[in-house]
Amino acid sequence: MEKFKEIHTLKSKLEQHRPLQQATVKNLREVYRMEWTYHSNAIEGNTLSSLKMKVILEDGLTVGGKRLQEHLEVINHAEAIGFVEKLVQKQVPLNEQVLKEIHYLLLKSIDNENAGTYRSVNVRIKESNHSPLTFNRFNEKLVA
């Protein structure tokens with residue numbers, strides 16, 4: 001509950017500065033896009049540094065000695081963020097189809113067989129004590 005109060009306080013401070021200048025909005029969007037992409041991919045085992053991800057996204061260059069999959073994870077994640085931003089601007093409601101589209105964008109050209117679908121096997125999170133729902137329980141919750 002304390003975190004919610006902190007978030008509310010920070011949001012109130014931000015609201016005092018609205019409307020933000022376009023340059024500020026653009027800068028914030030880019031900073032967070034890079035941070036989200038880096039941390040999300042790092043959790044999944046991607047070994048690219050944030051600087052190398054920046055080179056891939058901003059300069060369109062590849063990084064020698066890194067797997068194609070790692071490059072695609074970066075590119076796909078950034079594309080998914082852009083997709084979500086457009087949905088928010090259009091006020092598209094979040095539903096099952098939208099979630100599947102986001103999932104597809106994240107996995108396209110990496111795991112086309114499973115992109116945009118519910119998983120059919122159990123997964124584990126490397127170096128974590130957290131156990132995700134088993135695939136059949138996960139699917140039951142989504143269907144219910």
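Visitor: How much space lies in the second largest pocket?
Guide: About 490 Å³ of space lies there. A pocket here is an open set of points on a 1 Å grid over the protein atoms alone, where a 1.4 Å probe fits, with protein on both sides within 12 Å along at least five of seven lines. The volume is the space filled by probe spheres set on the points, which are joined across faces, edges and corners.

Visitor: Why roll a probe at all?
Guide: Rolling a probe the size of a water molecule over the atoms shows where empty space is left.

Visitor: Is this model predicted, and what should I know about the numbering?
Guide: The model is predicted, so local features need pLDDT of at least 70 and side-chain atom pairs count only at pLDDT 80 or more, while totals for chains, interfaces and linings use all residues. Residues are numbered from 1 along each chain as its sequence is written, and side-chain values use heavy atoms, with hydrogens and water left out.Visitor: Back to that pocket, then. Which residues lie nearest its centre?
Guide: Val25, Leu28, Arg29, Trp36 and Glu85 do, out of 14 residues that line the second largest pocket. A lining residue has an atom within 4 Å of a point.

Visitor: Which helix gives the most to that lining?
Guide: Helix α2 does, with 6 residues. Helices are DSSP runs (H or I, at least four residues), numbered from the N terminus.

Visitor: How does the lining divide by class?
Guide: There are 9 nonpolar, 1 polar and 4 charged residues in the lining of the second largest pocket. Ala, Val, Leu, Ile, Met, Phe, Trp, Tyr, Cys and Pro count as nonpolar, Asp, Glu, Lys and Arg as charged, and the others, Gly among them, as polar.

Visitor: You named Arg29 and Glu85. How do their side chains meet?
Guide: They meet in a salt bridge, at 3.2 Å from N to O. The pair links distant parts of the chain, 56 residues apart, with Glu85 in helix α4 (residues 68–89) and Arg29 in helix α2 (residues 22–43). A salt bridge is a side-chain nitrogen of Lys or Arg within 4 Å of a carboxyl oxygen of Asp or Glu.

Visitor: What are the accessibility values for Glu85 and Arg29?
Guide: Glu85 is partly exposed at 25% relative accessibility, and Arg29 is partly exposed at 35%. Buried means under 20% relative accessible area, exposed over 50%, and partly exposed in between (1.4 Å probe, protein chains only).

Visitor: How many salt bridges are there?
Guide: The count comes to 8. One of them joins Glu30 and Arg33, at 2.8 Å from N to O. Those two are 3 residues apart in helix α2, about one helical turn.

Visitor: Is Arg33 buried or exposed?
Guide: Arg33 counts as buried, at 17% relative accessibility, whereas Glu30 is partly exposed at 27%.

Visitor: Which salt bridge is there in helix α3?
Guide: Lys54 and Glu58 meet in one, at 3.3 Å, and they lie 4 residues apart in helix α3 (residues 50–59).

Visitor: New topic! How much space lies in the largest pocket?
Guide: About 1,200 Å³. Of its 32 lining residues, the closest to the centre are Glu44, His103, Leu106, Leu107 and Arg119.

Visitor: Which helix gives the most there?
Guide: Helix α5 does, with 6 residues in the lining of the largest pocket. By class, that lining has 12 nonpolar, 11 polar and 9 charged residues.
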